[in-house]
Structure formats: structure tokens, C-alpha cells
Amino acid sequence: MVTTLAALEAARGVRPAGYVDAILAAGRVDADGVRHHIRAEDLAAIRARFGVAEPPLPGLGAMARSAAGAVGRVVGAVAAGAAVLVPAEEAARREAICRKCDRFRVSDARCSLCGCVMPGAIGKWHLAAERCPHTPPRW
Ligand code: SF4
């Protein structure tokens, strides 16, 4: 499992005391000092020890509808000549909100409501037409 040190630090405020430190101790950090790697079984053991459960993903049908909707909105934006991506500051704002959200899955950086992948060049944090699926939306 790969995440970033920044994401782990952001999780300190929403996870039990000692949880993030246990993950840091059980994994390793890349030479660039940005990414943290941990074996899935080690992460699962730490989660069990601290009683931290990831919210489950929605069903395949719901995820397929989310993905199809996102593709359609990107195609629509391109056809309309609208911006496809948000500025980096907006992506960072969305990420900060998600990282503190109880519906965010730390293990795979996905939203448990829509199942969407959030980071990356075409992740939901970066796409201009995407919205938080929470009611009310959190971003
Ligand atoms: S998109 Fe919304 S519901 Fe999903 S993790 Fe982010 S803030 Fe939470």
C-alpha cells in the first residue's frame, strides 16, 4: 500500500492516538521523502489493533455509474471548451477536506460514497466538473 507522508500526517487528527505512528514504524519512506509504503497485511493488522475500519466501497453498479458520469462530464467540458482541470489550489483544498472526511478511504485514497479514485492527474480532486457526492456536498 502506498500513501504520502502528508496524507498520514493529515490523518493524525481523525485517527486514534498512536495509529499513524504505528503505520510509519511498520512501513518505509521513499528516498524522496514523500511516499510511504506498507505491506497490506501489516496495515490490516494495525487497523485491527486500533479498531480503525475503512468505510466499504459502494456496489459495482454505483461505481460504474459514477465513472460513466465523470467521463461524460469530461467529454462535455471538452466539447464546450470549458476547463477540464481545476487549479492546483482548488485540488489541494478538496484533498484537505477529503482527508478529514469520515467517508474517505485512507488505504486506497477513494471516496466510499462514489468509489472514485481521488488523487492523480485525472483523479476527482482535479476534475473541474466533479463534486463531492455527500449530502450536503463537502466541496
Ligand atoms: S468526496 Fe466528499 S464524501 Fe467523498 S471523501 Fe471527499 S469529502 Fe468525503
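On helix α2, D21 and A25 are exposed, on the side of the helix away from its buried residues. This is a predicted model, and its protein chain is assigned two domains, domain 1 (2-50) and domain 2 (54-139). The points below cover helix α2, the contact between the domains, and the surroundings of the ligand.

**Helix α2**
- Helix α2 spans residues 19-26, and its buried residues are Y19, V20 and I23.
- These buried residues lie on the same side of α2 because they cover an arc of only 100° around the axis.
- In general, an α-helix has 3.6 residues a turn, so residues three or four places apart point the same way.
- The cover over the buried residues of α2 includes α1 (5-11) and α3 (40-50).

**Contact between the domains**
- The C-alpha centres of domain 1 and domain 2 are 23 Å apart.
- Contact between the two domains involves seven residues of domain 1 and four residues of domain 2.
- On the side of domain 1 that touches domain 2, α1 gives the most, with three residues.
- That side of domain 1 comprises five nonpolar and two polar residues, with no charged residues.

**Surroundings of the ligand**
- The residues around the ligand include the cysteines C98, C101, C111 and C132, together with H134.
- I97, R103, F104, L113, P133, R138 and W139 are also among the residues that surround the ligand.
- By class, the shell around the ligand has nine nonpolar residues, one polar residue and two charged residues.

Note on methods:
Residues are numbered from 1 along each chain as its sequence is written. This is a predicted model: local features need pLDDT of at least 70, side-chain atom pairs count only at pLDDT 80 or more; totals for chains, interfaces and linings use all residues. A residue is buried if 20 or more other C-beta atoms lie within 10 Å of its own, exposed if 12 or fewer, and partly exposed in between; C-beta atoms are placed from the backbone. Helices (H or I, at least four residues) and strands (E, at least two) are DSSP runs, numbered from the N terminus. The arc is that of the directions from the helix axis to the C-beta atoms. Domain bounds come from an automatic or database domain assignment. Ala, Val, Leu, Ile, Met, Phe, Trp, Tyr, Cys and Pro count as nonpolar, Asp, Glu, Lys and Arg as charged, and the others, Gly among them, as polar. A residue is near a molecule or strand if its C-beta atom, placed from the backbone, lies within 6 Å of it.
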